[in-house]
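Welcome! Work through the exercises below one at a time, and try each task before you read its solution.

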Amino acid sequence: MKNQITAIIKKDIRGITSNHRMFVTLLAVPIALTVVVPTMFILIIRFAPSENADYQKLLAMLPMAEQAEVSSESMVRLVLNYILPIFFMLIPIMASSVMAACSFVGEKEKRTLETLLYCPLSLKQIFRAKVLAAFLLSMLVSAISFVVMLIVLEAETCLLAGFFILPDFKWLLVLLLVAPAISLIAITLIVKASAKAQSVEDAQQGAVFLIFPIIMLLVGQFTGVLLINAWVLLALGIVCAFLAILLLKQSMSHFKYETLLK
């Protein structure tokens, strides 16, 4: 059984990476959020005058204890450890939605759904394989995005300001708990929607509602209403992980052949 599940996972991942349009879509958001946006922050911190409105917005986000002695290093630390982690809640959703939306509706469009259903796997195992394929791809994209972001950020701060900034403990919570949990929620909902959808675009609509809370969290960061700390991330990760497991079990138990063949 494991060989058949692995075969489905490989087929789905290969289907995305071999499709140039979808592959570019998969990479566009991570590149923008991990290369373009951090570079803009670094340029503002390095070259914008302190009276600049964008600079003042960043300054207002600093913890009160650090606002008395503002430095380029403290501003870069703010960007790395408070702003950018929120982006890694968006990246898994955007990355997984591309593949998860194609899971079953893609099989329908390619007229391979009947062949898939004839394989020696139960419908629950097929559903699990589809979810796992999208989950693995989203985690791979997130890991690569983090490495690229860190390299670009460290190179720019070293060249422009002459110092290095290391990520703090919050990144472990984001990458190992919060991002995987949010990704699993998004994938489960989108794969489930893909079984009923008539097109990839229809299946992707569910991801929009998951993005809104994260955008509100990002707005809270910029307005200073809520400054994310390790305890908030831990609580958020635990809640999301519980919801992800519950949602996955519920979705598999209610997944029927009739849903696919409508």
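**Exercise 1. Is Pro 85 buried or exposed, and where does Pro 85 lie?**

Step 1. Pro 85 counts as buried because its relative accessibility is 2%; buried means under 20% relative accessible area, exposed over 50%, and partly exposed in between (1.4 Å probe, protein chains only).
Step 2. Pro 85 sits in helix H5. Helices (H or I, at least four residues) and strands (E, at least two) are DSSP runs, numbered from the N terminus.
Step 3. Measure along the chain and through space: Pro 85 and Leu 175 are 90 residues apart in sequence, with 8.6 Å between their C-alpha atoms.

Before going on, a word on the source. This is a predicted model, in which local features need pLDDT of at least 70 and side-chain atom pairs count only at pLDDT 80 or more, while totals for chains, interfaces and linings use all residues. Residues are numbered from 1 along each chain as its sequence is written, and side-chain values use heavy atoms, with hydrogens and water left out.

**Exercise 2. Describe the protein as a whole.**

Step 1. The secondary structure comes to twelve helices and zero strands.
Step 2. Along the sequence, this reads as α-α-α-α-α-α-α-α-α-α-α-α.
Step 3. The protein has 262 residues, and 48% of them count as buried.

**Exercise 3. How do the axes of H2 and H5 cross?**

Step 1. Locate the two helices: H2 covers residues 20-47, and H5 covers residues 72-100.
Step 2. Their axes come within 10 Å and cross at roughly 170 degrees. Axes are lines fitted to C-alpha atoms, for helices over the stretch in contact, and angles run from 0 to 180 degrees between N-to-C directions.
Step 3. H2 is therefore roughly antiparallel to H5; angles under 35 degrees count as roughly parallel, over 145 as roughly antiparallel, 65 to 115 as roughly perpendicular and the rest as oblique.
Step 4. Sorted by class, the contact of H2 with H5 has 22 nonpolar, three polar and no charged residues. Here Ala, Val, Leu, Ile, Met, Phe, Trp, Tyr, Cys and Pro count as nonpolar, Asp, Glu, Lys and Arg as charged, and the others, Gly among them, as polar.

**Exercise 4. Which residues make the nonpolar surface patch of about 410 Å²?**

Step 1. The patch is made by Phe 23, Leu 27, Ile 31, Val 36 and Met 40. Patches consist of residues with over 30% relative accessible area and no salt bridge; like charges are joined within 9 Å, and nonpolar side chains (Val, Leu, Ile, Met, Phe, Trp, Tyr) within 5 Å. Accessible areas come from the Shrake-Rupley method with a 1.4 Å probe, and for residues only the protein chains shown count as cover.
Step 2. Look at two members in H2: Leu 27 lies there, and so does Val 36.
Step 3. Leu 27 is partly exposed because its relative accessibility is 32%, and Val 36 is partly exposed at 42%.
Step 4. Val 36 and Met 149 are 113 residues apart in sequence, and their C-alpha atoms are 9.5 Å apart.

**Exercise 5. Find the salt bridges.**

Step 1. Side chains of opposite charge can pair when their charged atoms come close. A salt bridge is a side-chain nitrogen of Lys or Arg within 4 Å of a carboxyl oxygen of Asp or Glu, and the count comes to three.
Step 2. Asp 12 pairs with Lys 11, with 3.2 Å between the closest N and O atoms. Lys 11 is partly exposed at 36%.
Step 3. Lys 130 also forms a salt bridge with Asp 12 (3.2 Å, N to O). This pair links distant parts of the chain, 118 residues apart: Lys 130 is in helix H8 (residues 123-160) and Asp 12 in helix H1 (residues 2-17). Both Lys 130 and Asp 12 are buried.
Step 4. Lys 11, Asp 12 and Lys 130 are thus linked in a network of salt bridges.
Step 5. Asp 168 pairs with Lys 170 at 2.7 Å between the closest N and O atoms. Asp 168 is partly exposed at 28%, whereas Lys 170 is buried at 7%.
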